[in-house]
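User: I'd like to go through this structure with you, one question at a time. Could you start me off with whatever definition we need?

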Amino acid sequence: MLKLDSRDIEILKVLSREARISKAELASRINLSPSPCWERLNRLEKAGIIRSYRADISLKPIAASVTVFVTVELERHRSQAFQMFERTVKTREEIVGCWAIGGGFDYLLQIVSRDVDSYQRLMDTLLDEPLGLARYYSYIVTKPVKEQAPLPFDLLLAEWTDENAGAGGE
């Protein structure tokens, strides 16, 4: 695991809220000169901590769409069955999120389709494929309440912050 200090954490906090911030403004915001800031940024990217930079795009003004969360249970609980399902999910553009989960279901999918009919055609196609879907349950989003919020760094790293308080950081 990469050792992070308070400036690294500040870089992550700023970028999670403002991915388009210029490198110069980022350096200024965390009170560091540009070169060391860029070195830290590159280190965080190479370590895979910063995975990508994205825009948060609203579909509402440009296209009709429906978001559906789907819980999926597979018939067989064998490594090969999970791998086949995951490979298939990665090929479907309308499946925008997929998480393996514990509990009564095996996966949680997030699907964005043009409409409910398009969503159902996708599910029918998946059922027709030899994926071993035992059952699925659909939950249609009627209203987004909170989407893609920045990670709660202060809560997640509270222990880290407490341990390093007074450690004489930069």
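Analyst: Happily! Two strands count as paired if DSSP finds at least two bridges between them. Please keep in mind that this is a predicted model.

User: Thanks. In which sense do β2 and β3 pair, and over how many bridges?

Analyst: At least two bridges are needed for a pair. Among the partners here, Cys98 is bridged to Leu109 in β3, and Ala100 to Tyr107 in β3. The sense is antiparallel, and the number of bridges between β2 and β3 is five.

User: Which residue takes a positive phi in the hairpin of β2 and β3?

Analyst: Six residues lie between the two strands of this hairpin. One of the residues in the hairpin has a positive phi near 110°, and that residue is Gly103.

User: How many bridges join β1 to β3?

Analyst: β3 also runs antiparallel to β1. In this pairing Val68 stands opposite Ile111 in β3. The number of bridges joining β1 to β3 is seven.

User: How many of the residues of β3 are buried?

Analyst: Buried means under 20% relative accessible area. β3 is mostly covered. Of its seven residues, the number that are buried is five.

User: Let's move to the helices. Over what arc do the buried residues of α5 lie?

Analyst: Helix α5 covers residues 116–128 and reaches 18 Å from its first C-alpha to its last, close to the 18 Å expected for its 13 residues. Its buried residues are Ser118, Tyr119, Leu122, Met123 and Leu126. They sit on the same side of α5, because around the axis they cover an arc of only 140°.

User: Which residues are exposed on the other side of α5?

Analyst: The buried residues of α5 are covered by elements that include β1 (66–74), α4 (79–91), β2 (95–100), β3 (107–113) and β4 (133–140). Exposed means over 50% relative accessible area. On the other side of α5, the exposed residues are Asp117 and Asp128.

User: Which residue caps the N-terminal end of α5?

Analyst: Look for a side-chain oxygen at the N-terminal end of α5, 3.2 Å from the backbone nitrogen of Asp117. A polar contact needs the two atoms within 3.5 Å. The residue that supplies this oxygen and caps the helix is Asp115.

User: And α3: within what arc do its buried residues fall?

Analyst: The 13 residues of α3 should span 18 Å, and its end C-alpha atoms are 18 Å apart, which agrees. Cys37, Arg40, Leu41 and Leu44 are buried in this helix. They line one face of α3, because seen down the axis they fall within an arc of 100°.

User: What covers that buried side of α3, and which exposed residues does the face turned away from it carry?

Analyst: Among the elements covering the buried residues of α3 are α1 (6–17) and α2. The face turned away from the buried side carries the exposed residues Glu39 and Lys46.

User: Which residue just after α3 takes a positive phi, and which residue other than glycine has a positive value?

Analyst: Just after α3, a positive phi of about 80° belongs to Gly48. The other residue is in the loop between α2 (23–29) and α3 (34–46), and counts as exposed at 60% relative accessibility. With phi near 60°, this residue other than glycine is Asn31.

User: How do Phe105 and Tyr137 meet, and at what angle between the planes?

Analyst: A search of the whole structure finds three aromatic pairs. Phe105 and Tyr137 form one with 5.6 Å centre to centre, linking the loop between β2 and β3 to strand β4, 32 residues apart. Planes over 60 degrees apart count as edge-to-face. The pair of Phe105 and Tyr137 is therefore edge-to-face, and the angle is 75°.

User: Are Phe105 and Tyr137 buried or exposed, or in between?

Analyst: The limits are under 20% for buried and over 50% for exposed. Phe105 has 24% relative accessibility, and Tyr137 has 39%. Both Phe105 and Tyr137 therefore count as partly exposed.

User: Last one: which residues form one aromatic cluster?

Analyst: Ring centres have to lie within 6.5 Å to pair. One aromatic cluster is formed by Phe82, Phe85 and Tyr107.

Terms used. Residues numbered from 1 in each chain as written. Predicted model: local features only at pLDDT ≥ 70, side-chain atom pairs only at ≥ 80, totals over all residues. Heavy atoms only, no water. Helix = DSSP H or I, 4+ residues; strand = E, 2+ residues; numbered from the N terminus. Expected span 1.5 Å × (residues − 1). Buried < 20%, exposed > 50% of the residue type's maximum accessible area, 1.4 Å probe, protein only. Arc of directions from axis to C-beta. Contact = heavy atoms within 4.5 Å. Polar contact = N/O pair within 3.5 Å; in protein donor to acceptor, adjacent residues only side chain to side chain. Phe/Tyr/Trp six-rings, centres within 6.5 Å; stacked < 30°, edge-to-face > 60°.
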